[in-house]
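Please look through the sequence and the model below before reading on. The paragraphs that follow lead from single residues to whole chains and back to local detail.

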Amino acid sequence: MTNLTSPNGKKERIGVYVCHCGSNIAGTVDVAEVATWAGTYLKKEGVVVARDYKFMCSSSGQDLIEKDVKELGLTRVVVAACSPHLHEQTFRTACNRAGLNPYLCELVSIREQVSWVHSDKIAATEKSKAVVTGGVRRVIHHQPLEQLHVPIHPATLVVGGGIAGIQAALELADAGYPVYLVEREPSIGGHMSQFDKTFPTLDCSACILTPKMVSIGTHPNISLLTWSEVTQVEGYVGNFSVTIRKKARYVKDELCTGCAICQEKCPKKVIDEVYEAGLGYRKAIYTPFPQAVPKYPVIDRQNCIYFQKGTCKACEKFCPTNSIDFTQEDEFITVDVGNIILATGYDLFDARRISQYGYGRLANVFTSLEFERLSNAAGPTNGNIVLRDGVTVPKTVGIVHCVGSRDRNFNNYCSVICCMQGLKFAHIVHERTGATVYNFYIDMRTAFKAYDEFYQRVLEEGTLFVRGKVAEITDAARLPGEEGRLIVQVEDTLVGKQRRIPVDMVILSSGLQPRADAKALAKLFGISCSSDGWMIEKHPKLDPVATMTEGVFIAGCVQGPKDIPTSVAQGAAASARVLGRIQQGEIAIEPIRASVDEEKCSGCRICNDLCPFSAILFHSDRNVSEINPALCQGCGTCIAACPAGAISGTGFSDLQILSQIDGLMLLGIEHSHPA
Amino acid sequence: MSDNFEPIIIGFTCNWCSYRAADLAGTARVKYPPNIRLVRLMCSGRLDPTFVLKAFASGADGVLITGCHPGECHYIEQNYKALRRYLLLKRTLTQMGIEPRRLKLVWASAAEGVKLAEEITKMVAEVQALGPLHWPHWENAATLLEGDQNMVLETEEVLP
């Protein structure tokens, strides 16, 4: 059964290289033993040299391979080291330098899959031998392959018009390339447009954001599609075809001047749950805020009197440019782009879920976003910090940190921004009202530039800090002085005492959550999200804005909680990655593709319907199927399904896999004797 | 040598999710028994049922198929095809007299290193409890095959 000769019939000359990875592998696996064993027992497989080396990925490690390829005439290379997702490219490149086709190299993992997950040294060494044997048996059947080159379309799709998306779009557009910026709300700006101040500099959020928004709106290279959503993504890196639903605005944007008379005249007031966080009103025809980009309003169909009752049309009557069009319908457009940047941001943790904090039940418990609107000069109270009654200025304010974060009942992770947000609120309350401010925190996290200095400043301003997780917020007074107020019940862990602190207002510094539709988004763009719902980057440290899907990048809070500077940096980073691609003009992709042997194909067409990329064409004249390599993504489903065995796949052929299984089964399991 | 039966389990992983979950388990130093040996495929949809039968025929005591969660396939929907093949394989194995519990399907996303490690640990214990798979040796299998051929020939004689 086991075929030890390659397709060309001659015996391969294989080199085996076992990496110590310092003590990462060598600490658990007897690497010298594995190398010696491979050199002795895998001779009939064609192993002519087997070595172990401290760091195979180092330049001297790579030199070792290059030298052997040249001097010993190796025709195949097996490296037993870390995961192929880390260093496959390194060793392929080394082979290539030595004149060996890079795809004749196989990297097998004895670190992630052996030394790091097993502790029994003998068993780990035996398993490593089996893994190496699997690799050797497999590599015999490797074939020299050439990378495929696909052209990169110069346009980019940016999804999400928050600060990360804005930055990404501007970088690309300024470099001279076309950008489609898609935003689901009527205006770009995202969460940042709702804030009053930004920490730690206390810059006015709108003052630093709106110039960028205006640039987006006026940039000749940016096609801004607000009130729009991506509905379908087809294609692959370099050549995506994206369908976007432009929701009906009921306003002709080519005529509208943004004079806002319609918003003044519209008789229907609606509580603005999105932009004003439920604290203020908007009209049924509205732009979320005065500096909105674009300036054209949208009609909210659910609340428009005309759409609900058939009469009104006040906006139409008063519009000086006849821009209102009640007959508009959703429009679907398809755009071609080479790369995609996702910057869809976050949702705020719903504080109602922590019932003991009373949000939604106790009037003067506010969420962080509500407070942002409350303190914003353009907000519903013109920046006056008042209780829910709209007039009373609080004398004492409690700010609760880690609401919904670092809590195993809700989210285990730290939301990163809430400590600084809480400090910012403390400063604003102190500055505007002179109230006494308590911060209830678990740990103060003020990493990053000038953050801790801001903490010191807030401390010096006289803000009080209580270390402890708030147990309950209640209006049930028990002690004198508590009547009519909110009581924060908390264990002060620094003094080891339970405390009841009466306050007039509580601000919950809510954590960040993935968007409610994160899973659907991941599916739409073919990327993965963690069980929390944050999108997964290609490498958490070294490739933070790329994803496992070529051509799809992530920036900002879609990847995890982060502050504004980091979101901006990621937006710029993602566009730098895209620009590199565009300027190269084409991209090399892995030549893992399926192909049909027409001699063997019976024309049964079973494979035709299995391909989700419609890559398989059926030629009825010749009664055979053919695979279009440009559309094939290399999943291999058709190969597994072909009853005639007529389809084969490069890199993962039946022979390669069956041989690997053979090799893996060669050795049983032995354990070290207990000491 | 330990007296306990140490099964060997072949695990098929998807390049995009479960192989990464295995990487993640490694990076996080989550321990699991050394009885599993993984094969990387580009997608669980690549899993030819032959691979599973081959693993059993080569002496594996169990086979673990892993792939992306339904709806999260890197290739849109190919993991559903793996699911179909898995269900068919279970029935086929039963008919061959192989306990269907020797074959297991686990969905593991790239973030679920701990889950994958737990599933591997569980499966090793389950297969350990089942005992070795007494698959006939190849030489015997060849005679069996001969027997089958005779049976076919006999049937052909009977049929018109």
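**A guided reading of the model**

B:Arg29 is exposed, having 12 other C-beta atoms within 10 Å, where a residue counts as exposed with 12 or fewer other C-beta atoms within 10 Å of its own, as buried with 20 or more, and as partly exposed in between, the C-beta atoms being placed from the backbone. This is a predicted model, in which local features need pLDDT of at least 70 and side-chain atom pairs count only at pLDDT 80 or more, while totals for chains, interfaces and linings use all residues. Residues are numbered from 1 along each chain as its sequence is written, and chains are lettered from A and ligands numbered from 1 in the order in which they are written.

B:Arg29 sits in the loop between helix 1 and strand 2 of chain B, helices being DSSP runs of H or I with at least four residues and strands runs of E with at least two, both numbered from the N terminus. Its phi is near 55°, a positive value in a residue other than glycine. Most residues other than glycine have a negative phi, and most peptide bonds are trans.

Chain B as a whole contains five helices and four strands, and along the sequence they follow the pattern β-α-β-α-β-α-β-α-α. Of its 160 residues, 52% are buried. Among the contacts of chain B with a separation of 6 or more, 81% are between residues 24 or more positions apart, a contact being a pair of residues whose C-beta atoms, placed from the backbone, lie within 7 Å.

Where chains A and B meet, the contact draws 48 residues from chain B and 45 residues from chain A. On the side of chain B that touches chain A, two or more residues come from each of helix 1 (18-27), strand 2 (36-41), helix 2 (49-57) and helix 3 (78-95) of chain B, and helix 1 of chain B gives the most, with six residues. That side of chain B is made up of 24 nonpolar, eleven polar and 13 charged residues, with Ala, Val, Leu, Ile, Met, Phe, Trp, Tyr, Cys and Pro taken as nonpolar, Asp, Glu, Lys and Arg as charged, and the others, Gly among them, as polar.

Chain A has 675 residues, of which 50% count as buried, and its secondary structure comes to 18 helices and 34 strands. The C-alpha trace of chain A spans about 90 × 70 × 40 Å along its principal axes. Which residues touch the most other members of the largest nonpolar core? In this core of 235 residues they are A:Val16, A:Val77, A:Val79, A:Ala80, A:Ala169 and A:Val506, a nonpolar core being a set of buried Ala, Val, Leu, Ile, Met, Phe, Trp, Tyr and Cys residues joined through C-beta atoms within 7 Å. Apart from it lies another core, of 18 residues, including A:Trp227 and A:Ile324. Leaving aside neighbours within four places in sequence, A:Val79 is in contact with A:Tyr17, A:Cys19, A:Met56, A:Phe91, A:Cys105 and A:Leu107.

One of these partners, A:Phe91, is also among the buried residues of helix 3 of chain A, together with A:Pro84, A:His87, A:Arg92, A:Ala94 and A:Cys95. These buried residues lie on the same side of helix 3 of chain A because they cover an arc of only 155° around the axis, the arc being that of the directions from the helix axis to the C-beta atoms. What covers them includes helix 2 (59-72), strand 3 (76-81) and strand 4 (105-109) of chain A. Helix 3 of chain A is followed by A:Gly99, whose phi is positive, near 95°.

Elsewhere in chain A, strand 11 (residues 228-236) and strand 12 (residues 239-246) pair in the antiparallel sense over eight bridges, where pairing requires that DSSP finds at least two bridges between the strands. A:Tyr236 stands opposite A:Asn239 in strand 12 of chain A, and in the hairpin, with two residues between the strands, A:Gly238 takes a positive phi near 90°. Strand 12 of chain A is also joined by seven bridges to strand 17 (residues 331-337) of chain A, and these two run antiparallel.

Some local features of the backbone remain. A cis peptide bond with omega about -10° joins A:Phe199 and A:Pro200, and the peptide bond from A:Val293 to A:Pro294 is cis as well, with omega near 0°.

Terms used. Two residues are in contact if their C-beta atoms, placed from the backbone, lie within 7 Å.
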